[in-house]
Amino acid sequence: ERQRVVFSGIKPTGRLTLGNHLGALRRFADVQYTGRCVFSVVDLHALTVDHRPARLRALTRETATLYLAAGLDPDACVLFRQSDVPLHAELSFLLECTAYVGELNRMIQYKEKGRGRPGTRVSLLTYPVLMAADILAYRASEVPVGDDQRQHLELARDLAVRFNRAYGTVFVVPEMAPAQVAARVMNLQDPRRKMSKDDPDDAPGTIRLLDPPDVVRRKVMRAVTDSGTRVRYDLEGSPGVGNLIEILGGCVGEPDLESLADRYTSYGSLKRDVADAVIALLEPLQQRYADLADDPGTVEAILRKGAERAAELAAPTITAAKQAIGL
Ligand code: ADP
């Protein structure tokens, strides 16, 4: 049987949130010893929206440092910055020649963030193709991502199948590996919207991984609930409370959210436990981050070494793809 190969990435467009951690980052650490794991800070993706060069560089560094702080072991997995490996852009072009404008136009994120708006970058439309290239380059069998990436992952699968049918089998068709709990963490102030690192820096409903404990507590205690009083897990009827239960379940590793909800008789006690659980989850990560942030040379050296390894791993796939497509 073929080795398990895992790929995932996070784009450095903002300061990482609890959603990024529960939906993605934490799960990278969970799988890192189970097969070949490749994790990237996908900085090219950050160029698809309005950006400032110095901020992008700082966020790339911060995100890479958070990978390590979250427990990713550079001896066990490949950690790198996407732009250090030019093969991603090269494969992306081959896949652009496999993708259709119509299917990219239908991507929900493009519809929400770009379509029809002046100043929308071409790369925002083609970004899911670059994401497909990221994944397919490593012949990844599994992609741990949050629920919001479902449609993009479906596209990566479609492109792999289409290319293989047209030119011969080059790519592995990847499976999405969604989180069991907290696959879509919602904004604490607007639980119909997902918590996003692109929320404004001071957004009161967005918990950042580097928020100090008192800030986490304040944000949780002020979370929107609803006018009812019973604590129940009902994402439709009571999305604010449901979201808090998701977060609690995600933090403490309890997948049975109904029975978790049954343990609470008031919103206040639920919020206190959520705040405690988030603070406890983030504490070791923040401690490691503080140590690593003093040592940017080490982080940089890890990324450079990772890029060399990533290029070695991706090269045979790109060679095979070029050959197959007629280059
Ligand atoms: P964002 O959507 O915050 O800008 P990215 O698009 O870079 O982040 O996604 C990074 C990873 O974090 C992806 O796997 C994505 O699915 C996951 N993720 C982002 N937001 C959430 C959320 N609110 N809940 C769960 N997972 C999330």
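This report walks through a predicted model, from its paired strands to the shell around its ligand and a few single residues.

Residues are numbered from 1 along each chain, in the order in which its sequence is written. Because the model is predicted, local features need pLDDT of at least 70 and side-chain atom pairs count only at pLDDT 80 or more, while totals for chains, interfaces and linings use all residues.

## The paired strands

Let us start with the strands. Helices (H or I, at least four residues) and strands (E, at least two) are DSSP runs, numbered from the N terminus. Two strands pair if DSSP finds at least two bridges between them. Strand S1 (residues 5-10) is joined to S2 by six bridges, and the two run parallel. One of the partnerships links Ser8 to Phe39 in S2. Between these strands the chain passes through H1, and this β-α-β crossover from S1 to S2 is right-handed. A crossover has that name if, with the strands pointing away from the viewer, the path from the first strand over the helix to the second runs clockwise.

Strand S2 (residues 36-41) also runs parallel to S3, with four bridges joining them. Here Phe39 has Leu79 in S3 as its bridge partner, and Val41 has Arg81 in S3. Phe39 is therefore a handy residue to find on screen, as it is the partner of Ser8 and also of Leu79. Another right-handed β-α-β unit is made by S2, helix H2 (residues 53-69) and S3.

How enclosed is S2 by the rest of the structure? It is largely enclosed, because five of its six residues are buried. A residue is buried if 20 or more other C-beta atoms lie within 10 Å of its own, exposed if 12 or fewer, and partly exposed in between; C-beta atoms are placed from the backbone.

In a regular strand the side chains alternate between the two faces of the sheet. Strand S3 (residues 78-81) is covered on both faces: Val78 and Phe80 are buried on one side, and Leu79 and Arg81 are buried on the other.

## Around the ligand

Next comes the ligand. A residue is near a molecule if its C-beta atom, placed from the backbone, lies within 6 Å of it. There are 20 residues around the ligand, and Gly19, Gly23, Ala24, Val145 and Gly146 come nearest. Which helix gives the largest share of this shell? Helix H1 (residues 18-31) does, with five residues.

By type, the shell divides into seven nonpolar, seven polar and six charged residues. Here Ala, Val, Leu, Ile, Met, Phe, Trp, Tyr, Cys and Pro count as nonpolar, Asp, Glu, Lys and Arg as charged, and the others, Gly among them, as polar.

## What the UniProt record adds

UniProt positions are given in the numbering used here, feature names are shortened, and annotations may be inferred rather than shown by experiment. In an unreviewed entry, UniProt lists residues 12-20 as "short sequence motif: 'HIGH' region". Over residues 12-20 the chain is 33% helix and 0% strand, with its end C-alpha atoms 11 Å apart.

The unreviewed UniProt entry also lists Asp134 under "binding site". Asp134 sits in helix H6 (residues 122-137). Leaving out residues up to four places away in sequence, Asp134 touches Phe7, Gly9, Ser40, Val42, Gln82 and His88. Such a contact requires the C-beta atoms of the two residues, placed from the backbone, to lie within 7 Å.

## Some buried residues

The table gathers residues that count as buried.

| Residue | C-beta neighbours within 10 Å |
|---|---|
| Asp134 | 26 C-beta neighbours |
| Ala182 | 24 C-beta neighbours |
| Ser92 | 23 C-beta neighbours |
| Arg139 | 22 C-beta neighbours |
| Gln149 | 21 C-beta neighbours |

Ser92 belongs to helix H3 (residues 87-96). Not counting residues up to four places away in sequence, Ser92 touches Val129, Leu130 and Ala133. Ser92 and Arg165 are 73 residues apart along the chain, and their C-alpha atoms are separated by 18 Å.

Gln149 lies in the loop between strand S4 (142-144) and helix H7 (150-167). From Gln149 to Gly268 the distance is 33 Å, C-alpha to C-alpha, and they are 119 residues apart in sequence.

Finally, look at two backbone angles. Arg139, in the loop between H6 and S4, has a positive phi of about 50 degrees although it is not a glycine. Ala182, in the loop between strand S5 (175-177) and helix H8 (213-221), is not a glycine either, and its positive phi is about 60 degrees.
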